[in-house]
Amino acid sequence: MEFVKFGNKYIVRLDKGEEIVETLKEFCSHQDIKLGWIKGIGAVGEATIGLFETREKVYHSVDLKGDYEITSLLGNISTMDGETYLHLHATLGDSEYRVQGGHFSRGIISATGEFVIESIEGEVDREFNDEIGLNLYKLK
Ligand code: FE
């Protein structure tokens, strides 16, 4: 990974073999970014995307392997229990130009990854919501 910072924005390059979610989480933690947004494009050779089933309150996920373009990765940065918390979604395009997408939990860079991380001054924590079954923004 390499990065440069301009104002409150970081331009980040991830390199072949790096896992996106863990690498970005560590980066945000090291840079002390507690609130913000992430946008990115690039290419992955492996990825895990998921869907939250609202009725059963469980995540289903699928592991993908092959050449995929990250046509869009979008997500946010917050905290939970004092730790950096990333919530990422992505759409991935395959060799037949079909796109699959969902909650993004893992992706291994196969060529390069280009991200913008925007840091917002402040802090928003999360807490588990029983009714929904997810870790929601705690805004009051
Ligand atoms: Fe999600």
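Colleague: Which residues make the nonpolar surface patch of about 490 Å²?

Modeller: The model is a predicted one, and in it one member of the patch, Tyr137, is found in strand E8, residues 134-138. Tyr137 has a relative accessible area of 34%, which is over the 30% that a patch residue needs. The residues that make this nonpolar patch are Trp37, Leu74, Ile120, Tyr137 and Leu139.

Colleague: Which residues are the protein donors of the iron ion, and by which atoms?

Modeller: In sequence the donor residues follow the spacing H-x1-H-x13-H. The protein donors lie 2.1 to 2.2 Å from the iron ion, and they are His87 (NE2), His89 (NE2) and His103 (ND1).

Colleague: Is His89 buried, partly exposed or exposed?

Modeller: His89 lies in strand E5, residues 83-93, and is linked as a donor pair with His103 in strand E6, residues 99-119, 14 residues apart. The relative accessible area of His89 is 40%, and because the class between buried and exposed runs from 20% to 50%, His89 is partly exposed.

Colleague: What is the bridge partner of Gly50 in E6?

Modeller: Strand E3, residues 36-53, runs antiparallel to E6 and is joined to it by 13 bridges. For Gly50, the bridge partner in E6 is a residue that also serves as a donor of the iron ion, namely His103.

Colleague: Which residue in the turn of the hairpin formed by E5 and E6 has a positive phi?

Modeller: E5 and E6 pair in the antiparallel sense over five bridges, with Thr91 having Gly101 as its bridge partner in E6. Five residues lie between the two strands of this hairpin, and the turn residue with a positive phi, of about 65 degrees, is Tyr97.

Terms used. Residues numbered from 1 in each chain as written. Predicted model: local features only at pLDDT ≥ 70, side-chain atom pairs only at ≥ 80, totals over all residues. Heavy atoms only, no water. Donors = N, O, S within 2.8 Å, 3.2 Å for Na, K, Ca; no water. Helix = DSSP H or I, 4+ residues; strand = E, 2+ residues; numbered from the N terminus. Buried < 20%, exposed > 50% of the residue type's maximum accessible area, 1.4 Å probe, protein only. Patch = residues over 30% accessible without salt bridge, like charges linked within 9 Å, V, L, I, M, F, W, Y side chains within 5 Å. Areas by Shrake-Rupley, 256 points an atom, 1.4 Å probe, with all protein chains shown as cover. Salt bridge = Lys/Arg side-chain N within 4 Å of Asp/Glu carboxyl O. Pairing = 2+ DSSP bridges.
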